[in-house]
Amino acid sequence: MTAYQPGILAPVPAHSRYLEFGLVPNSDPAPALKALASRAGGEDIVVGLGQALVRALGKTVGGLRPFPAMAGPGCAVPSTQADLWLWLRGADRGHIAGRARGLAQLLQPAFRRDRQTDGFKFGRGLDLSGYEDGTENPEGKAAIEAAFLRTAEAGLDGSSFVAVQQWAHDLDRFETLAQAERDNVIGRRLDDNEELGDAPASAHVKRTAQESFNPEAFLLRRSMPWAEAGGEGLMFVAFGHSFDAFEAQLSRMSGQEDGITDALFRFTRPLTGSYFWCPPVAGRGLDLGAVGI
Ligand code: HEM
């Protein structure tokens, strides 16, 4: 397989910055993307391109599509599709802030920065609800199989497709629930992270059990908490060799299959939703050959 962006497989870092950009109308994205490509490819950054941007370059990437909005009983899942996504990763917020500024300058004037959120690792990898996030992630060879496309097509082998959703929690509301009720929302016990045998069908891990889909729907989740003046929650980030596994899970979570909504919606809701294609790496940078750069 061609090299993939190493930040995808690497463990979640201590700190992150998520940046979403829009392409400025009537501008040529190619020079900025070329400059970006030579500065990416390391573990400290993951880059994703949205479908409209790929189209603006006169190309298509098989399987790349816009994020689908969904609505179900008592839940709404918005699509806020962006053109370009940068996930900056590291141990030091100061370095990340400097890097972000430099990259935003590099991308001007073709790209406009629309969103910026900082993420952080909580303890051993907890969501702000206190539950461990990522327990059932595939590892090693299974993680590579889940997250990366294998194809003979040059420029696409080693690609990944990422779904990004910023979720806002209402933790005051979650904390009004008794402990057993909170465990039923997730489907795991807070105390020891054990899966509950008798969890209700609405429990999050029942809704998303990866082996329960046909075909099986494995994802490589790399989510991190965020907390700002405006709120707090989880930046949900999931990589796949296509968007299909994610979309099957999100459909079931939002009640499309059986009318049962994921109990997570009792205390959290997605504010954003975007899909991006993460190109492979060649030499010391991104391989943007598939989009003609
Ligand atoms: C605020 C949003 C979310 C929170 C707080 C959250 C939290 C959790 C927690 C605590 C677990 C159990 C431990 C683990 O295996 O990681 C879990 C499992 C999982 N979640 Fe989420 N999650 C969220 C959104 C999503 C979304 C949007 C999807 C996919 C559409 C998803 C897919 C999964 C999958 C595939 C598993 C593992 C299921 C299994 O095979 O056992 N999660 N999540």
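**Exercise 1. The iron atom**

Which protein atom is the donor to the iron atom of the ligand, and in which helix does its residue lie?

*Solution.* The structure is a predicted model, and every step below refers to that model. Begin at the iron atom of the ligand and look for donors from the protein: there is a single one, the NE2 atom of H204, at 2.0 Å. Next, place this residue in the chain, where H204 turns out to belong to helix 8, which covers residues 204–208.

**Exercise 2. A residue in helix 7**

Decide whether V185 is buried or exposed, and then find which residues it touches.

*Solution.* First locate the residue: V185 is part of helix 7. Its relative accessible area is 1%, and because buried means under 20%, V185 is buried. Then list the neighbours, leaving out residues up to four places away in sequence; V185 touches F174, L177, S202, A203, H204, A263, L264, R266 and F267. One of these contacts, H204, is the residue that provides the donor to the iron atom. Finally, compare sequence and space for one pair: V185 and V205 stand 20 residues apart in sequence, while their C-alpha atoms are 8.8 Å apart.

**Exercise 3. Two packed helices**

At what angle do helix 2 and helix 4 pack, and how far apart are their axes?

*Solution.* Two packed helices are described by the angle between their axes and by the distance between those axes. Helix 2, made of residues 30–39, and helix 4, made of residues 93–107, pack at an angle of about 150 degrees, and their axes are 8 Å apart. Because angles over 145 degrees count as roughly antiparallel, helix 2 is roughly antiparallel to helix 4. To see which residues make the meeting, look at A32, A35, L36 and R39 on the side of helix 2, and at R99, L103, L106 and L107 on the side of helix 4.

**Exercise 4. The surroundings of E247**

Find which residue's side chain makes a polar contact with the side chain of E247, and which residues E247 is in contact with.

*Solution.* Start with the position of E247, which is in helix 9, residues 244–253. Its side chain and that of R65 are joined by a polar contact of 3.1 Å. Now widen the search to contacts in general, leaving aside neighbours within four places in sequence, and E247 is found in contact with R65, P68, M70 and Y275.

**Exercise 5. A phenylalanine in a strand**

Is F236 buried or exposed, and which residues does it touch?

*Solution.* F236 lies in strand 10, which runs over residues 231–240. With a relative accessibility of 15%, F236 counts as buried. Its contacts, not counting residues up to four places away in sequence, are with A163, V164, Q165, W167, R221, S223 and F246. As a last step, consider F236 and A3, which are 233 residues apart along the chain and whose C-alpha atoms are separated by 24 Å.

**Exercise 6. Backbone exceptions**

Which loops hold P109, P215, N26 and N193, and what marks the backbone at each of these places?

*Solution.* Most residues other than glycine have a negative phi, and most peptide bonds are trans. Take the prolines to begin with: the peptide bond from Q108 to P109 is cis, with omega near 0 degrees, and P109 is in the loop between helix 4 and strand 6. The bond from N214 to P215 is likewise cis, with omega near 0 degrees, and P215 sits in the loop between helix 8 and strand 8.

Turn next to the asparagines. N26, although not a glycine, has a positive phi of about 65 degrees, and its place is in the loop between strand 1 and helix 2. N193 also has a positive phi of about 65 degrees, and N193 lies in the loop between helix 7 and helix 8. Their accessibility can then be stated for each: N26 counts as exposed at 84%, whereas N193 counts as buried at 13%.

**Exercise 7. Counting disulfides**

How many disulfides does the model contain?

*Solution.* The rule asks for a pair of cysteine sulfur atoms within 2.5 Å. By this rule the count is zero. Two cysteines may still be examined for burial: C75 counts as buried at 7% relative accessibility, and C278 is buried at 0%.

Conventions: Residues numbered from 1 in each chain as written. Predicted model: local features only at pLDDT ≥ 70, side-chain atom pairs only at ≥ 80, totals over all residues. Heavy atoms only, no water. Buried < 20%, exposed > 50% of the residue type's maximum accessible area, 1.4 Å probe, protein only. Donors = N, O, S within 2.8 Å, 3.2 Å for Na, K, Ca; no water. Helix = DSSP H or I, 4+ residues; strand = E, 2+ residues; numbered from the N terminus. Polar contact = N/O pair within 3.5 Å; in protein donor to acceptor, adjacent residues only side chain to side chain. Contact = heavy atoms within 4.5 Å. Axes fitted to C-alpha atoms, helices over the stretch in contact; angles between N-to-C directions. Parallel < 35°, antiparallel > 145°, perpendicular 65-115°, else oblique.
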